[in-house]
Amino acid sequence: MSKRIEVNDLNVYYGKFKAVEDVTLTIEPRTVTAFIGPSGCGKTTFLRTLNRMHEVIPGAYVEGEVMIDGNNLYGPGVDPVLVRRQVGMVFQRPNPFPTMSIRENVLAGVKLNNRRMSKSDSDGLVEESLRGANLWNEVKDRLDKPGSGLSGGQQQRLCIARAMAVSPEVILMDEPCSALDPISTLAIEDLIEELKKDFTIVIVTHNMQQASRVSDRTAFFTIAGTGQPGKLIEYDDTTTIFSKPSIQATEDYVSGKFG
Amino acid sequence: MSKRIEVNDLNVYYGKFKAVEDVTLTIEPRTVTAFIGPSGCGKTTFLRTLNRMHEVIPGAYVEGEVMIDGNNLYGPGVDPVLVRRQVGMVFQRPNPFPTMSIRENVLAGVKLNNRRMSKSDSDGLVEESLRGANLWNEVKDRLDKPGSGLSGGQQQRLCIARAMAVSPEVILMDEPCSALDPISTLAIEDLIEELKKDFTIVIVTHNMQQASRVSDRTAFFTIAGTGQPGKLIEYDDTTTIFSKPSIQATEDYVSGKFG
Amino acid sequence: MTAAIPRAKVRPADRIFSGSTLFAGVLILAALAAVALFLIVQSIPALVADPAELEGSPTSFWAYVAPLAFGTVWAASLALLIAFPLSIGIALFISHYAPRRIAQGLGYIIDLLAAVPSVVFGLWGIKVLAPFLTPFYDWLVTNFGWFPLFAPPVSGTGRTVLTVAIVLAVMIIPIITALSREIFLQTPRLHEEAALALGATRLEMIQMAVLPFGRAGIVSAAMLGLGRALGETMVVAMVLSPAVVISFVLTSSTNPSTIAGNIALKFPDAYGVGVNALIATGLILFIITLVINSIARFVVNRRKAFSGAN
Amino acid sequence: SNEGGTTDTETDTGSEFTGTLVGAGSSAVGAAQQTWIAEYQMANEGVTINYDPSGSGAGRETFLAGGSGFAGTDRAFNDEEVAAGGFASCAPDSGIVQLPLYVSPIAVIFNLDGIDSLNLDPATIAGIFSGEIASWDAPEIAALNEGAELPSTTITAVHRSDDSGTTENFTDYLAATAPDVWTYEADGVWPIESGEAAQGTSGVVDAVTNGTGTIGYADASRAGDLGTVAVQVGDEFVEYSPEAAAAIVDASPFIEGRPDFDLSINLDRTSDAAGVYPIVLVAYLVGCETYLDSEQGALVKDYFTYMASSEGQAVAAADAGSAPISDTLFEKVTAAIDIMS
Amino acid sequence: MTTTLAPATTGITNTLTASRLPKWATWAILGGSLAVAAGVFAIVQLSTGGDFSIVGAVFFGTVLFNIMLFALSYLVEGGRQARNRLVTSLVVTAFLIALIPLLSLVWTVLGNGIARFDPAFFSQSMRNVVGEGGGALHAIVGTLLITGTATLISVPVGLLTAIYLVEYGHGALARAITFFVDVMTGIPSIVAGLFAFAFFSLITGDPGIRFGFGGAVALSLLMTPVVVRSSEEMLKIVPNELREAAYALGVPKWLTILKVVIPTSIAGITTGVTLAIARVIGETAPLLLIAGFTSSMNYDLFNNRIMTLPVFVYTQYATPGTDVQAYLDRAWAAALTLVLIVMALNLIARLIAKFFSPKLGR
Ligand SMILES: Nc1ncnc2c1ncn2[C@@H]1O[C@H](COP(=O)(O)OP(=O)(O)OP(=O)(O)O)[C@@H](O)[C@H]1O
Ligand SMILES: Nc1ncnc2c1ncn2[C@@H]1O[C@H](COP(=O)(O)OP(=O)(O)OP(=O)(O)O)[C@@H](O)[C@H]1O
Ligand SMILES: [Mg+2]
Ligand SMILES: [Mg+2]
Ligand SMILES: O=P([O-])([O-])[O-]
């Protein structure tokens, strides 16, 4: 249920503006990979190329290859919709569907695609996903209440449950804790620890401590200045990046001299 | 041109929800004070009580005293408009007025009190403020272009120039660099260093490194959990907070164990 | 893990759906083109006819439409002049002044005005408003008759262009209010707070942040209202005391008629080329609307670099 | 009977007619048509007649194009139009019948406190409506109304803002009787700028009622409590009345050179015969001599017969305020209807 | 951590306070101004013998209030506060002014309409009715049928167009549609009627055609641009993050629009649709031309004339018989019915909005 991702020479554009330049890296299955770097260096942009969410923005496009188990996401004729079912995503701000109940939110990936499911199957899926997201105990009595009535941390875990319910192989998370209080943050970090058993996880974070706590490998991006493209500077085991990075810029960044 | 701020037993509410509890601290003139703490602990909320921006939010109110050179901001008959002239504010996201040119943006606050300003006076003020914000050289040739055409960092410095142009005595900054790239961040940190000669500065930051770089004193806030009020845990010289804080929670936080 | 990523180009359902939205859009253009074509074809006999055959034997077709075109624009501008400041005031009241809890209720009350059908406005104009205004016009003309807009003689029944403009204004107030209210409510808090933090009063905050941000939206709201006022038929026909004149006087019996009102008045008894002449005036109204909208769009676009959208 | 209604005169009439008949035209005939239609439908359960009061011009155009079975119009088709033919509902060689079945006095109404009736001569009426006489205490009015306490109020003369038969008949009267003052031709559209305009008879009545010192002209059935003018005919002053209105029709010749069953009347407004009231509106009901569709022809014929009958004329008089046609005219009309098929 | 310095300046005037008018001052000035205006008007009335004009007194009282408030505030609080206060009171006044016609309208329609607001009015047509009695059932049915059909035409077309503009269209075509939709809002209703009549008589070859469906088409022409405009605005404010959330779950675009975007904005869309219905339900001129006039019931949209409430109101008013009052009473009762129908629609729209709209609040 988890896949290797290989990125080769990827350039990412917003219209004429090249936002990310020449990224090549390989993400192993069942690992947690963290992307760190100063604001604006293209972490979010790059992350979104991994499930073809980038092209949702008008004028945005990509050059290069992203291979998932050897299949190029950007190959001709690839249906982005199918890609996204395999590569799930959790956003910076929790975004449960406001018109749906907690239960419907979890089932959104199934229901929105017009797939029928028996009541018992769907009940099972809801419970399994919510348990997986460590949310079951908190919401099991109010599955039919609106999802927007939960606290921020609960909403974010609901979004994770929703992403898991479509059984993707990879889960991308863009600063999933940045809008949350510390208690919720811890809950989600624990959850990531669990999920790693089944999924390949990529997480963007601003928080060095978080990166060092949850990830196996860390990629450091930066930019030379406004208007310049972001670049991948260093990609290595998390412990290496935080203890003896091989590049000076990385060291400056992780030690707080910069950014 | 700068003032001492004393806060006594301040409780801050959003309607029924108490967001910040029982804060007492004194900020000395011509210092930079940093507020740090996990997300949601009430840093922004507390900062906004220092120039009565808090009450702009419907239902929001304050209990307690905030004295600026002995005058209680929340005393009877105090005109919030006058308060805000003396205590300027810079927001997390740069917010120049999109409908105004760079020049008009700088003069926006000044024009309120002094409608008929001679061209030479206003030219002088624009130059002085933009120089003060380290922006003059970058924009002097396009003062009549819209302010929204600048880069994020330039916009943020424009907002600082705008705040300075009304010659306040205190400047509050709420995560002024969080939306900026590292180059712009450095520019603004340098600027804070300069401004401290004339102004009392209070800055909220998520970035421990930034706090240790720019501030003289640091206040650490935290919350016990969602729905609880934020509290001031420790307030001391920045070096003390980051080297040998007296409270365990502070140490955990600054060393990255938490948050 | 051999399951290759399935390859499929564009999904048919997506194509069908986007195709049908495109079709709907094109259908609207087609309907409009059909209306324009109808107007043009039906107008030609009147444009080529001997002007003596037209009503009132004018020197040319243009002399025939001129007073009507003038009256249309005049009445609609007056209505806009009355409705616009009121609507902006009401919208601001609801968005920035009224306590939040009652603002929605107030919005509903104003929306109710939109629920009143135009025949009812016509009846109200004739039976209530015109008689009510008559003494007021009397007073105006007696005391301010020297002012060209109030030149004597005064209307004895109150059915003047000003009365019509007031009714039209009441009709378009809910339209302009509803739209500008929504726009004002969307002013970014960030900009409002920026103004307040500079020590602006509420008025100054509105001047600095709310109005400039909403400028484009306010203009479209006004255009929607103006469109309604330009095209309103029944109210003008029922309430106005028209004549074939070009006159700016607000309080007299001889008021310029409007194109839509005139069609309603003359169409029932029209025959032959008279029918074509009336339709040709409809074409002129169509062109007026087009021109006014283009100007509005031009005005909005000219300062696009400074718009709130950036 | 009325659908869903309790008004039941539900006796089976045993009428042979069924189907729907459509007429269109003059709004002046609208009220009378509603009365006739109601009565006729009650007598002929299976029939539905719809009359669009869409205006005389529209009514003529619709009938010409074949969109209706009959037309109501406040002026007859003129010589050219009749000669041009092409009436699409009619059989190819058929002519048309134009029957003056609706005669209604037009009252000159005014609103002055305490005055119910005034005597005016044509020149004075023309003067008032052309704006030359501007005040109620003008010598011209005073001279004709000795003893009346005329106020110095300004006169507001109200005319129709729409194109109307009422206006055409009224201006025809002014042009014929006061040619020195009223120098304009008869026209359905008010020819001059002076005065106040209002839409439809109701609009004129409203304007006159709600204003002060107002005067206007309207179908006499709508005069209500307003003051009315007795107009000078010869040496007398005549108040409007149905009889006086019917009398002027009788006193007038038919238009010459028309086919036998085209009963278009050339109203003699200047007649000074005793008891005639010269401001009348005559509306024609127009049908084919021979219909393309004979069933429709039979129904129209029956309906026309009913409208012309003394019953028909009486209900219209009661409910719409028209003047029943005289017996002499009735005979001519009946002769014309007889040839319809 | 706690400050030990006692504030040294207690008791000295707070320099942050500005001189302000006391809270009651506004009301006092308002009361005073109204009293003065009323007094002046009373004196004028005594001396000239005219009627005492309440409206005049209130009007001049309000003007006086604004002037006084501005002047006093200017003297005490300075120019900026004075302008702020002036605009505040003007904005409130604007709102109150808008209420005047509304109240007057409601009062007039209710006062006149109530006389014939009886069961017969809602259970009978005007067939075979002369003078008093009768009802507007045929017109109510006609209005519901024609407006309903117009809604069925305009809402899909308008909503789909709005979706095109918001979700798909970016180029010249989208700009052209936006522009011409604005132009379309200016089509006079009578021209829409003329067009529909010409169009259908051409198609059917019937020169006198009158039928309900034609009326619905004419109304759609007027309604569609309103639907497009309002739906477009409502779709635009659906946050992009919801669309992205759906895409990220592997939901195709069209299902995202149908199942996420539209349900989220359904409240605004229904409000827009009711506005559009309100815009056309009172149209008289085009319906006279294409739907015609009849006293009888007709449930068939595709054959024969069909009556509608506005035409009913208008013809009852314009061509009454000798018993004028009976006709006027019916006209007003029909006007009242029309207003009530639109209000009921508004209410339903609000309920729909409430029921379907995003559930916020914790
Ligand atoms: N929709 C867009 N259109 C054009 N440029 C964009 C868009 N979104 C982002 N950018 C630009 O692309 C660059 C990378 O942005 P991105 O959001 O990926 O940075 P990031 O590393 O995620 O920053 P942060 O930490 O603030 O989230 C920035 O220069 C940004 O201005
Ligand atoms: N407008 C508001 N209405 C109600 N509650 C609010 C509002 N703004 C903030 N809060 C609540 O007040 C608490 C403190 O929020 P605040 O924004 O001050 O935190 P913060 O420390 O600035 O966090 P961050 O680092 O994310 O900016 C939070 O629980 C938040 O949910
Ligand atoms: Mg990002
Ligand atoms: Mg904050
Ligand atoms: O019959 P008219 O309404 O045209 O006078």
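Start by selecting ligand 5: around it you'll find C:Asp269, D:Ser26, D:Ser27, D:Ala28, D:Asp74, D:Arg160, D:Ser164, D:Gly165 and D:Thr166, where a residue counts as near a molecule or strand if one of its heavy atoms lies within 4 Å of it. Colour by chain here, because the residues surrounding ligand 5 come from chains C and D, so the site is shared between chains.

Before going further, a word on what's on screen: this is a predicted model, local features need pLDDT of at least 70, side-chain atom pairs count only at pLDDT 80 or more, and totals for chains, interfaces and linings use all residues. Residues are numbered from 1 along each chain as its sequence is written, chains are lettered from A and ligands numbered from 1 in the order in which they are written, and side-chain values use heavy atoms, with hydrogens and water left out.

**Still at ligand 5**

Now show the polar contacts (pairs of N or O atoms within 3.5 Å; within protein, one must be able to donate a hydrogen and the other to accept it, and residues adjacent in sequence count only if both atoms are side-chain atoms). Pick D:Ala28, where a backbone N or O atom sits 3.1 Å from an oxygen atom of ligand 5. Then try D:Asp74: an N or O atom in its side chain is 3.2 Å from an oxygen atom of the ligand. D:Gly165 uses a backbone N or O atom, 3.0 Å from an oxygen atom of ligand 5. Switch on a surface and you'll see how covered the ligand is: on its own, ligand 5 has 200 Å² of accessible area, and the protein covers 96% of it. Accessible areas here come from the Shrake-Rupley method with a 1.4 Å probe; for residues, only the protein chains shown count as cover.

What is the make-up of the shell around ligand 5, in nonpolar, polar and charged residues? It divides into one nonpolar, five polar and three charged. For this split, Ala, Val, Leu, Ile, Met, Phe, Trp, Tyr, Cys and Pro count as nonpolar, Asp, Glu, Lys and Arg as charged, and the others, Gly among them, as polar.

**Over to ligand 2**

Jump to ligand 2 and select its 13 surrounding residues; B:Ser39, B:Gly40, B:Lys43, B:Thr44 and B:Thr45 come nearest. The shell holds five nonpolar, six polar and two charged residues. In cartoon view, look for β2 (17–27) and α1 (43–49) of chain B, each supplying at least two residues of the shell. Helices (H or I, at least four residues) and strands (E, at least two) are DSSP runs, numbered from the N terminus. α1(B) gives the largest share, three residues.

For the polar contacts, click B:Tyr14 to see an N or O atom of its side chain 3.3 Å from a nitrogen atom of ligand 2. B:Gly42 brings a backbone N or O atom to 2.9 Å from an oxygen atom of the ligand. A polar side-chain atom of B:Glu175 lies 3.5 Å from an oxygen atom of ligand 2. Taken alone, ligand 2 exposes 640 Å², and the protein buries 64% of that.

**Between the chains**

Next, show chains C and E together. Of the eight pairs of chains that touch, C and E have the most contacts, contact meaning heavy atoms within 4.5 Å. Here 76 residues of chain C meet 79 residues of chain E. The two chains bury about 7,100 Å² between them, 80% of it on carbon and sulfur atoms; buried area is the accessible area (1.4 Å probe) that two parts lose on being put together, summed over both. Highlight C:Phe17, C:Ile28 and C:Tyr108, which supply 9% of the area chain C buries against chain E, more than any other three residues.

Swap chain C for chain D: 29 residues of chain E are in contact with 37 residues of chain D. This pair buries about 2,700 Å², with 44% of it on carbon and sulfur atoms. On the chain E side, E:Arg127, E:Asn128 and E:Thr322 supply 24% of the buried area, more than any other three residues.

Which chains does chain D not contact? No contact joins it to chain A, with the closest C-alpha atoms 45 Å apart, or to chain B, where they lie 49 Å apart.

**Two backbone stops**

Zoom in on C:Pro152 and C:Pro153, joined by a cis peptide bond with omega near 0°. C:Pro153 is in the loop between α4 (118–144) and α5 (161–185) of chain C.

Finish at A:Arg30, in the loop between β2 (17–27) and β3 (32–36) of chain A. Although not a glycine, A:Arg30 has a positive phi of about 50°.
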